[in-house]
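Thanks for coming. I'll take a few minutes on one structure, so please have the viewer open.

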Amino acid sequence: MIIAIFTTELYKLLKQARTWYALGALLLIEGIVLFAAYYQGTNIIDILLDNLKQNFYFEGDLVNGNLLIYLILNTMWFHLPLILMIVISGMLTSEYKDRTLQTVMLQPVSRAAFITGKFLVAIVFTVFVVIMMALSSFILSYSFFGSGDLIVYLDTLNFFSADDALKRLCLAYAAGTFSMVFFSVASLTIAVIFKEATKTWIVAAFFLIICNLLVKVDLGYAIFDDYFFAKLNDTWQYFFYFDIDWSRIFMNLSLLTVYIILFILAGVFIFKKNDIG
Amino acid sequence: MRKMLCAFLYLAVNMVSAQVVDPDLLLVKARMDSIIGFEANLELKLDVEFINMPAKYAVMKYEKGKMIDFDSEDFVMIPRKGLDFTLGELLKYPVITVDRGMEVVNGVSCKMINVIPDDRRADFSIAALLIDTARNRVMQSEITTRKHGTYLMEFKYRSNKDPLPEQIIVNFEIEKIRIPLSYMGKEADVDKERMKAEGPKTGSIILNMSDYQIDYLQ
């Protein structure tokens, strides 16, 4: 049953024009960010290496594909979830709007299976989009700017060799996928609650903005800083400390998985209780 | 009589100026001048508190009269001082030297010489060299530059007869990086008071040379 619903929902999602518009927009934004990052990258390198210039000569170019992918990573964690949330929540709000949901519910389909199928499609689609973004950023960056050492400032100035940088960037995309899935799932749960597209988008965008703001807020409470879902969404950055704190990353991603499951359970529970009309 | 006096003064000045450069330093310089070129593999290890960098590798090529050339697939940071093997930069302009007696460095008795530039174009204000006079090579040098602080360099050689070092440790002063907030990453901590109190830091870079191919003057 779930597989049949999953396949149908995936087909419906891919048949919608807005899905392809969203993917096109994401690729366009990535291209713009890439070239903006190229010009920003030169400035950043100058600032980072300013103190070292008096002691050293430099051989090699740090404005390369790896730096640009890192800068893309820094900028994409707002617009990517925003577009994902619009597309994913639209999977349900359009059904409410077009009243197709009532038609589906007249069939021998359980509400739980139906909405679970939508959550599964949301997860698979999100993973696909992150992989697409990762591949396109690697292909574009390496094609135009080549590979090379990566320089990152996180408390200390960290240099990574090209091979090491590639591994860390891939791992960062993998960790970022958890955050994207979290936002996608949250947007579908919000759609279950609000039903109407505009309200859903506004609340989803508000949720995303609050989460982004809270990432930077340090209240000094360990429980808030270590366990609150908003604080877990920059786990990908931990791969750019010189010594990777694997236990912290494992803990954060495990917690995000728990939050994803909780949001799905909440969505399924509310959808079952809600009136369809 | 006046011509004789002038000739005497000219000779006296020339003799004095000829004696201002320590002969042991000139011997080291002459030994280094016999090298017209070399090539070596280079490993660089940076040791600065606030910089994390893996060991870097490069091929170093030197031809007499030219700057040392580095070839690497990595991004490498080459210290501004410490690679003047031939003393070409130190003695580029006229200098005077002062004998400071003997000192022991790593169990080797060395002659300490202060080198003071006699030309404003020189980029250092004073240098202290510890020279192994038995083997005609520099064991340690401390160069105080006009713009870039003080560099302390230690030279280690593989064997007694090697003219070029297999390891150089360059110690230098470096100011902690000040980054605008917009470029900072996660949890980057800025403690302005602490940064001010700490002042400049010291760092070092260790250069390990191997597989020397040296061309000597015939």
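I'll start with a helix on a sheet. Helix α2 of chain B, residues 23–33, lies across five strands of chain B: β1 (35–47), β6, β7 (108–117), β8 (124–132) and β9 (137–145). Its direction is at about 85° to β8(B). Keep in mind that this is a predicted model.

Which residues of α2(B) are buried? They are Leu25(B), Val28(B) and Met32(B). The three sit on the same side of α2(B), because the arc they cover around the axis is only 60°. The general background is helix geometry: with 3.6 residues a turn, residues three or four places apart point the same way. The cover over these buried residues includes β1, β6, β7, β8 and β9 of chain B. On the face of α2(B) turned away from the buried side you find the exposed residues Pro23(B) and Ala30(B).

Now the sheet under that helix. In chain B, 10 strands make an open sheet, ordered β4-β3-β1-β12-β11-β10-β9-β8-β7-β6, with antiparallel pairing. At the edges are β4 (69–71) and β6 (95–105) of chain B, each pairing on one side only. From one strand to the next, the twist averages 20°.

To pick one pair out of the sheet, strand β11 of chain B, residues 167–174, and strand β12 of chain B, residues 201–216, run antiparallel and share 8 bridges. Within that pair, Phe172(B) is opposite Gly203(B).

For the chain as a whole, chain B contains 3 helices and 12 strands. Of its 218 residues, 27% are buried. Among the contacts in chain B with a separation of 6 or more, 52% are between residues 24 or more positions apart.

Next, the core. The largest nonpolar core has 115 residues, and Ile72(A), Val185(A) and Ile131(B) have the most contacts inside it. As general context, nonpolar side chains in soluble globular proteins tend to be buried together. What does Ile131(B) touch, leaving aside residues up to four places away in sequence? The list is Asp24(B), Leu25(B), Val28(B), Cys110(B), Lys111(B), Ile113(B), Val138(B) and Met139(B). Two residues on that list, Leu25(B) and Val28(B), we have already met as buried residues of α2(B).

Moving to the interface. Here 27 residues of chain B are in contact with 28 residues of chain A. On the chain B side, β2 (51–52), β5 (76–79) and β11 each supply at least two residues. The most comes from β5(B), with 4 residues. By type, the chain B side of this interface has 18 nonpolar, 4 polar and 5 charged residues.

β5(B) also pairs across the chains. Strand β1 of chain A, residues 56–59, is joined to β5(B) by 4 bridges, and the two run antiparallel. In this pair Phe58(A) stands opposite Met77(B).

There is also a sheet built from both chains. It is open, has 3 strands in the order β2(A)-β3(A)-β2(B), and its pairing is mixed. The edge strands are β2 of chain A, residues 150–154, and β2 of chain B, each pairing on one side only. Within chain A, 5 bridges join β2(A) to β3(A), residues 156–160, in the antiparallel sense. There, Tyr153(A) is opposite Leu157(A).

Tyr153(A) comes up again with Leu48(A): the two are 105 residues apart along the chain, and their C-alpha atoms are separated by 7.8 Å. Leu48(A) belongs to helix α2 of chain A, residues 17–49. Is Leu48(A) buried or partly exposed? It is partly exposed, because 17 other C-beta atoms lie within 10 Å, and buried would take 20 or more.

Last, two backbone details. Most residues other than glycine have a negative phi. Arg99(A) is not a glycine, yet its phi is positive, about 60°. Arg99(A) lies in the loop between α3 (65–98) and α4 (100–106) of chain A. With 10 other C-beta atoms within 10 Å, Arg99(A) is exposed.

Asn106(B) is not a glycine either, and has a positive phi of about 50°. Asn106(B) is in the loop between β6 and β7 of chain B. Asn106(B) counts as partly exposed, because it has 13 C-beta neighbours inside 10 Å, and exposed means 12 or fewer.

That's what I have; questions are welcome.

Key: Residues numbered from 1 in each chain as written. Chains lettered and ligands numbered in written order. Predicted model: local features only at pLDDT ≥ 70, side-chain atom pairs only at ≥ 80, totals over all residues. Core = buried A, V, L, I, M, F, W, Y, C linked by C-beta atoms within 7 Å. Contact = placed C-beta atoms within 7 Å. Pairing = 2+ DSSP bridges. Axes fitted to C-alpha atoms, helices over the stretch in contact; angles between N-to-C directions. Nonpolar A, V, L, I, M, F, W, Y, C, P; charged D, E, K, R; others polar. Arc of directions from axis to C-beta.
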